[in-house]
Amino acid sequence: GVPKIICNIRGTSGSGKSTVVRKIMEMGSTEPIVRTSLSSSWGRPMKPAGYRIKLPGLSKLIYVLGHYEAPTGGADTIGSVIPCFNRVRDFHIAGHHVIFEGLLISRSKGRTIALWESLGMDVMKAFHLTTPLEQCLAGIDARRAAVGNVKPVNPAQTTATYDRVLQISRSFQSDGYPIQFVSRNEAVGCVVAAFYESERTEVHA
């Protein structure tokens, strides 16, 4: 059958993870995955649980985890690491490609390794965004200003998170897990290429 892969985009806040996914969504036909309940308990429509992307020339759909109706999108809109990884696994088992990203995911080492080990090293590819810390801080400030929060971000916390996320990604690399270090401008092409390349690889039952 046609292989299906998972692409995990990693990086700290402001590194461009959500922007990369939004650009990929714009490249194809994208539909929201509607939740089973049509509205929240407050009577407002619920945000999508994710999206389905149909890219030209790909036989399988790409499932995206979480919604992107807020500046910070993706797995962070789900709010807990465990259901994120469970949904990624469920989407993949159902026969789809998957993209997922989020700060919570980027800070999770053990569960990321567990997903690799359970599905296979050739199934999931990780991409760490090499956005400089200064650009990440500027991105966070711009995102906060867009929603009326003009208080500058605390650089100490972001710096510590930046270092921790980078340390985790480097440990994946040193342990032989398939991770690439790419700029946020390169990431869109690299992720999309991974999906097309996977479907050019024959899998024999």
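This is a chat about cysteines and salt bridges in a predicted model.

Student: How many disulfides are there?

Tutor: The count comes to zero disulfides.

Student: What is a disulfide, anyway?

Tutor: A covalent bond between the sulfur atoms of two cysteines.

Student: OK, which cysteine sulfur is nearest to cysteine 84?

Tutor: That of cysteine 7, and it is 17 Å away. A disulfide needs the two sulfur atoms within 2.5 Å, so cysteine 84 is in no disulfide.

Student: Is cysteine 84 buried or exposed?

Tutor: Cysteine 84 is buried, and its relative accessible area is 1%.

Student: And what about cysteine 190, how far away is the nearest cysteine sulfur?

Tutor: The nearest one again belongs to cysteine 7, at 9.9 Å. Cysteine 190 is in no disulfide either. With a relative accessible area of 24%, cysteine 190 is partly exposed.

Student: New topic. How many salt bridges does a search of the whole structure find?

Tutor: Three salt bridges turn up. One of them joins glutamate 31 to arginine 52.

Student: How far apart are the closest N and O atoms there?

Tutor: In the pair of glutamate 31 and arginine 52 they are 3.9 Å apart. The cut-off is 4 Å, so this pair counts.

Student: Where do glutamate 31 and arginine 52 lie?

Tutor: Glutamate 31 is in strand β2, residues 29-33, while arginine 52 is in strand β3, residues 50-54. The pair therefore ties together parts that are 21 residues apart in sequence. Glutamate 31 is partly exposed at 44% relative accessibility, and arginine 52 is partly exposed at 25%.

Student: Which residue does glutamate 69 form a salt bridge with?

Tutor: Lysine 47, with the closest N and O atoms 3.3 Å apart.

Student: Which loops are those two in?

Tutor: Glutamate 69 sits in the loop between β4 (62-65) and α2 (81-93), and lysine 47 in the loop between β2 and β3. This salt bridge ties together parts that are 22 residues apart in sequence.

Student: What are the relative accessibility values for that pair?

Tutor: Glutamate 69 has 47% and counts as partly exposed. Lysine 47 has 38% and is partly exposed too.

Student: And what does arginine 200 form a salt bridge with?

Tutor: With glutamate 197, where the closest N and O atoms are 2.7 Å apart.

Student: Does arginine 200 count as buried or exposed?

Tutor: Arginine 200 counts as exposed, at 58% relative accessibility. The cut-off for exposed is over 50%, so glutamate 197, at 42%, counts as partly exposed.

How values were computed. Residues are numbered from 1 along each chain as its sequence is written. This is a predicted model: local features need pLDDT of at least 70, side-chain atom pairs count only at pLDDT 80 or more; totals for chains, interfaces and linings use all residues. Side-chain values use heavy atoms; hydrogens and water are left out. Buried means under 20% relative accessible area, exposed over 50%, partly exposed in between (1.4 Å probe, protein chains only). A salt bridge is a side-chain nitrogen of Lys or Arg within 4 Å of a carboxyl oxygen of Asp or Glu. Helices (H or I, at least four residues) and strands (E, at least two) are DSSP runs, numbered from the N terminus.
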